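Work through the exercises below with the model open. Each task is followed by a stepwise solution.

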Amino acid sequence: MTNLEGKVAFITGVARGQGRAHAVKLASLGADIIGVDICADIDSMDYPNATREDLDETVRLVEKEGQRMVGRVADVRDQGALADAFGVGQAEFGRLDIVIANAGIVRLTDSDDRRSVWRDIVDTNLTGTWNTIEVALPALRENGSGGSIVITSSSAGLKGTATDNAGAQAYTASKRGLVGLMQSLANQYASEWIRVNTIHPTGVATGMTMNAAMETLFAAAAAGETTGLSTMQNLLPIEILQPEDIANAVAWLVSDEARFVTGIALPLDAGFSIR
Ligand SMILES: NC(=O)c1ccc[n+]([C@@H]2O[C@H](COP(=O)([O-])OP(=O)(O)OC[C@H]3O[C@@H](n4cnc5c(N)ncnc54)[C@H](O)[C@@H]3O)[C@@H](O)[C@H]2O)c1
């Protein structure tokens, strides 16, 4: 049985969806949580981000598991704000073992402002992940017994599909960029027992997929139109995964049971990537 007692995890995008599922799962295994979320919308997106109430609910759910959580509002694009938020958690818990760089955005409907869509997605998904690791790595190195960094990429980070949609292009490019970052860091820090891996989920039922903008695309795809979703089908007969499916896999990846696993791009995708 995986045991994370005494460990501390730093999770971005923690207010809902996969980030919340990671926080609750790791807490159920004994970890304390430092979590951040933007809790505000980004103008170029076509669906809402999480709210402060969502973040408070994550804190409540972690506490229900008997663990502590420092939850703060911070934008991963702002390294200073991220460092401040992480610092509060460090002051509280005094160590760090696990980083889950999970915050991310997408836009699959068209936009007249392609540049803003590209910039905001790359800034959040790629630069935001670098900021997250940059802020947390010193604490991870200090603990002296290694640690685990999990970077949330996507099935899009393994396989680019045909699209003229600026958001989908930015999403694929940013998520593929994370694989390069993961490989560099895995090579750099292996001697310190710091493991770095990417995960590549297929569609997951979260705020990113269950929203009005996505419903429009689903309806168009069902009517036979080519949309950003047309090429997104799993091999196994399962339409969409649940956040807990991803959290269960991550719980293993950050645990000592996976102590030999580093530098991998792990598909969690019902066969999507070989389809
Ligand atoms: N849902 C899917 O189908 C799917 C599939 C593959 C990968 N992913 C990836 O999984 C990760 C988690 O997404 P999710 O599915 O839980 O969606 P979600 O939209 O429910 O969660 C993303 C969270 O990140 C937060 N966030 C957004 N921008 C931020 C920023 N700049 N700074 C801090 N927080 C920010 C949001 O408020 C939200 O709480 C993302 O990286 C996403 O790209 C999602």
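**Exercise 1.** Find which residue in E6 stands opposite Gly-147.

Solution. Gly-147 stands opposite Ile-194 in E6. Numbering starts from 1 along each chain as its sequence is written. The model is predicted: local features need pLDDT of at least 70, side-chain atom pairs count only at pLDDT 80 or more, and totals for chains, interfaces and linings use all residues. Next, place the strands. E5 and E6 (residues 194-201) pair in the parallel sense, over 6 bridges. Strands (E, at least two residues) and helices (H or I, at least four) are DSSP runs numbered from the N terminus. Strands pair if DSSP finds at least two bridges between them. Finally, trace the connection. From E5 the chain crosses through helix H5 (residues 166-189) to E6, in a right-handed β-α-β crossover. Right-handed means that, with the strands pointing away from the viewer, the path from the first strand over the helix to the second runs clockwise.

**Exercise 2.** Determine which strand residue stands opposite Val-150 in E5, and how the chain links the two strands.

Solution. Ile-100 stands opposite Val-150. Strand E4 (residues 98-101) runs parallel to E5, joined by 4 bridges. The link from E4 to E5 goes through helix H4 (residues 114-142), and this β-α-β crossover is right-handed.

**Exercise 3.** Sort the residues of E5 by the way they point, and decide whether they are buried or exposed.

Solution. Start with the general rule. In a regular strand, side chains alternate between the two faces of the sheet. Now apply it. Gly-147, Ile-149 and Ile-151 point one way; Ser-148, Val-150 and Thr-152 point the other way. All are buried. Buried means 20 or more other C-beta atoms within 10 Å of the residue's own; exposed means 12 or fewer, and partly exposed lies in between, with C-beta atoms placed from the backbone. Check the total: 6 of the 6 residues of E5 (residues 147-152) are buried.

**Exercise 4.** Identify the residues with the most contacts inside the largest nonpolar core.

Solution. A nonpolar core is a set of buried Ala, Val, Leu, Ile, Met, Phe, Trp, Tyr and Cys residues joined through C-beta atoms within 7 Å. The largest has 60 residues, and Ala-9, Ala-23, Leu-26, Ile-33 and Val-250 have the most contacts inside it. Take Ala-9. Leaving aside neighbours within four places in sequence, Ala-9 is in contact (C-beta atoms, placed from the backbone, within 7 Å) with Leu-26, Ala-31, Ile-33, Asp-97, Ile-98 and Ile-100. Another core lies apart from the largest one; it has 15 residues, including Leu-108 and Ala-166.

How values were computed:
Two residues are in contact if their C-beta atoms, placed from the backbone, lie within 7 Å.
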